Amino acid sequence: MSDEKIKQLPKLWLGDHYNEGIGRDDIFDKLREECGVFGAFNVPDACSLGYYGLHALQHRGEESAGMATVESASGKFSYHRNMGLVKEVFDQTALEGLPGDRVIGHVRYSTAGESKLANAQPLIFKYRDGDLGVATNGNIVNAPSIRKELEMQGSIFQTTSDTEVIAHLIARSSKDFVSAAKDALQRIIGGFAFLIMTNDKLLVASDPHGLRPLVMGRLGDGYVFASETCALETVGAEYERDVQPGELLVLDKDGLRVDRFEKLERRATCAMEYIYFARPDSDINGINLHSARKRMGRQLALESFIDADIVTGVPDSSISAAIGYAEQTGIPYELGLIKNKYTGRTFIQPSQELREKGVKMKLSAVRKVVEGKRVVMIDDSIVRGTTSLRIVNMLREAGATEVHVCITSPPFKNPCYYGIDTPDRKELIASQKTVEEIRQAINADSLYFLSNEGFIEAVGGNDGEYNRGMCLACFDNDYPTPVDPTSEKSCSC
Ligand code: SF4
């Protein structure tokens with residue numbers, strides 16, 4: 001069902017979730033990663049590599065997928081993108097139309113109204129020196145003002161994506177391509193990981209705070225870039241290092257050149273990547289996420305021990321933390337909740353009753369496991385509170401005598417401006433209610449959040465960098481860049 005159709009549904013049908021800006025997955029009230037990027041340079045059959053790499057990043061975006069390739073010998077530039085999952089967008093014919101030894105690829109979520117092919121990435125442009133493809137993960141905070149300025153000067157935008165501003169800034173410059181790209185990157189503010197490809201170059205850039213993850217690997221004589229290390233593993237590349245904040249890597253016939261477009265002021269990798277978004281088999285800044293989440297569970301147990309019979313985690317992202325909580329307390333970990341991975345995107349049904357069934361299609365309580373038990377339920381975050389309420393009630397209906405909710409993040413009080421699709425502040429339950437009020441709203445016997453300090457400690461201890469090099473703005477309101485709270489939180493990817 002398209003987002004346009006979702007918006008046309010009666011308010012009753014979506015209940016509390018009805019909102020112009022809410023898309024299909026939001027009825028489950030989870031934060032959404034916006035995008036994943038993958039790139040490779042000097043590798044045989046680059047599009048096959050891109051296919052598998054994007055597949056590994058599918059959890060970061062299910063709305064659209066795309067790849068652009070270049071044959072370095074001829075400079076031939078090809079691309080294909082469409083709405084849908086990677087396996088839906090790329091069949092054999094599509095892959096055969098993408099020859100080359102260089103690739104950039106993208107998977108995308110979108111906010112409502114933006115779910116259209118024109119915004120699917122890589123965005124492709126013709127400029128004075130040839131073809132230009134841009135794939136990004138993140139959000140450009142000052143894109144609206146740059147866009148307005150460029151439009152006043154005569155630029156005509158093809159898409160509603162913020163990413164397009166970087167292409168216009170590059171295309172309008174009279175400098176050589178790399179200098180123009182550097183100037184453009186210096187002008188934009190936000191959290192972003194860029195892959196920019198022309199007929200003869202690949203540029204790779206991470207924002208000056210490293211808000212969005214981006215890693216580099218080696219494959220034979222070639223290079224591979226991805227939002228997460230799990231994609232490197234999938235394609236058989238060896239992890240080399242994280243792309244550093246403010247870095248600009250230039251790859252062409254002369255190989256790799258490391259440059260900078262901005263000096264590093266404060267590293268601020270998104271904390272929610274550690275808590276929820278990235279796959280547990282990925283590493284960020286050298287920290288494995290399964291291990292970090294287990295430590296979050298352990299820390300939560302130290303801060304909030306509960307006398308209970310079983311511990312269960314809300315799948316998939318909270319299972320590692322639930323194991324950690326169980327290890328620390330000695331309370332057995334049980335599979336009290338099961339996620340059905342095969343519901344695809346068909347779960348929305350046109351009636352309240354069927355919608356509730358749709359929720360159960362996606363997640364179920366295991367009656368024989370939770371019946372008669374005092375349950376500690378571990379989850380990663382509470383956004384509006386509606387999902388937590390549903391899951392607590394689901395456990396109670398399955399016979400749990402007590403349900404204690406433990407959250408492996410501090411209260412989520414502030415919206416994100418860096419590419420994570422969050423509701424407005426007034427819809428974030430933690431910004432409107434006390435912990436006790438939230439407990440009542442989600443019908444839990446008790447409710448605990450991990451402390452800021454406990455979270456930082458769990459991720460990897462205080463290594464001297466402010467907040468251990470993380471952005472915690474959604475918890476502490478300390479944004480690493482200027483943000484305009486009145487601006488629309490649109491996504492560039
Ligand atoms: S505000 Fe929150 S979600 Fe956004 S980058 Fe910072 S930690 Fe991540």
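Let me start at one residue: Gly461 comes right after helix 18, and its phi is positive, near 75°. Helices here are DSSP runs of H or I with at least four residues, strands are runs of E with at least two, and both are numbered from the N terminus.

Some ground rules. This is a predicted model, where local features need pLDDT of at least 70, side-chain atom pairs count only at pLDDT 80 or more, and totals for chains, interfaces and linings use all residues. Residues are numbered from 1 along each chain as its sequence is written.

Now back to helix 18, residues 452-460. Its buried residues are Gly454, Phe455, Ile456, Ala458 and Val459. By buried I mean 20 or more other C-beta atoms within 10 Å of the residue's own; exposed means 12 or fewer, partly exposed is in between, and the C-beta atoms are placed from the backbone. What do these buried residues pack against? Helix 10, strand 16 (287-288), helix 11 (289-303) and strand 23 (470-471). Contact, for two residues, means C-beta atoms, placed from the backbone, within 7 Å.

Between helix 18 and strand 23 there is a loop, and Arg468 sits in it. Phi of Arg468 is near 55°, positive in a residue that is not glycine. Most residues other than glycine have a negative phi. Arg468 counts as buried because 22 other C-beta atoms lie within 10 Å.

Next, the whole protein. It has 19 helices and 23 strands. Of its 493 residues, 53% are buried. Take the contacts with a separation of 6 or more: 71% of them are between residues 24 or more positions apart.

On to the ligand. Which residues surround the ligand? Gly191, Leu211, Cys270, Ala271, Met272, Cys416, Tyr418, Ile420, Cys471, Leu472, Ala473 and Cys474. The criterion is a C-beta atom, placed from the backbone, within 6 Å of the molecule. The shell splits into eleven nonpolar residues, one polar and no charged. In that scheme Ala, Val, Leu, Ile, Met, Phe, Trp, Tyr, Cys and Pro are nonpolar, Asp, Glu, Lys and Arg are charged, and the others, Gly among them, are polar. Helix 10 (271-277) and helix 19 (473-476) each give at least two residues to this shell.

The UniProt record, an unreviewed entry, puts "binding site" on Cys270, Cys416, Cys471 and Cys474. They span 205 residues in sequence, but no two of their C-alpha atoms are more than 10.2 Å apart, so they gather at one spot. A caution on such annotations: they may be inferred rather than shown by experiment; positions follow the numbering used here, and feature names are shortened.

Two of these cysteines in detail. Cys416 lies in the loop between strand 21 (402-407) and helix 16 (429-432). Cys416 is buried because 23 C-beta neighbours fall inside 10 Å. Beyond its neighbours within four places in sequence, Cys416 contacts Thr422 and Cys474. Cys474 is in helix 19. Is Cys474 buried or exposed? Buried, with 29 C-beta neighbours inside 10 Å. With the neighbours within four places again set aside, Cys474 contacts Met272, Phe412, Lys413, Asn414 and Cys416.

The same kind of unreviewed UniProt entry lists Cys35 as "active site". Cys35 is in strand 1 (residues 35-41). Cys35 is buried, with 29 other C-beta atoms within 10 Å.

Now sheets. Strands pair if DSSP finds at least two bridges between them. One open sheet has four strands in the order 17-20-21-22, paired in parallel. Its edges are strand 17 (310-313) and strand 22 (446-449), each pairing on one side only. The twist from one strand to the next averages 20°. That comes from axes fitted as lines to C-alpha atoms, for helices over the stretch in contact, with angles from 0 to 180 degrees between N-to-C directions. Strand 17 and strand 20 (residues 374-379) are joined by four bridges. Within that pair, Ile310 stands opposite Val375.

Elsewhere, strand 5 (residues 123-127) and strand 6 (residues 130-140) pair antiparallel over five bridges. A two-residue hairpin connects them. Lys126 faces Asp131 of strand 6 across the pair.

Last, the backbone geometry. Most peptide bonds are trans. Gln121 and Pro122 are joined by a cis bond, omega about 5°. Pro315 to Asp316 is also cis, with omega near -5°.
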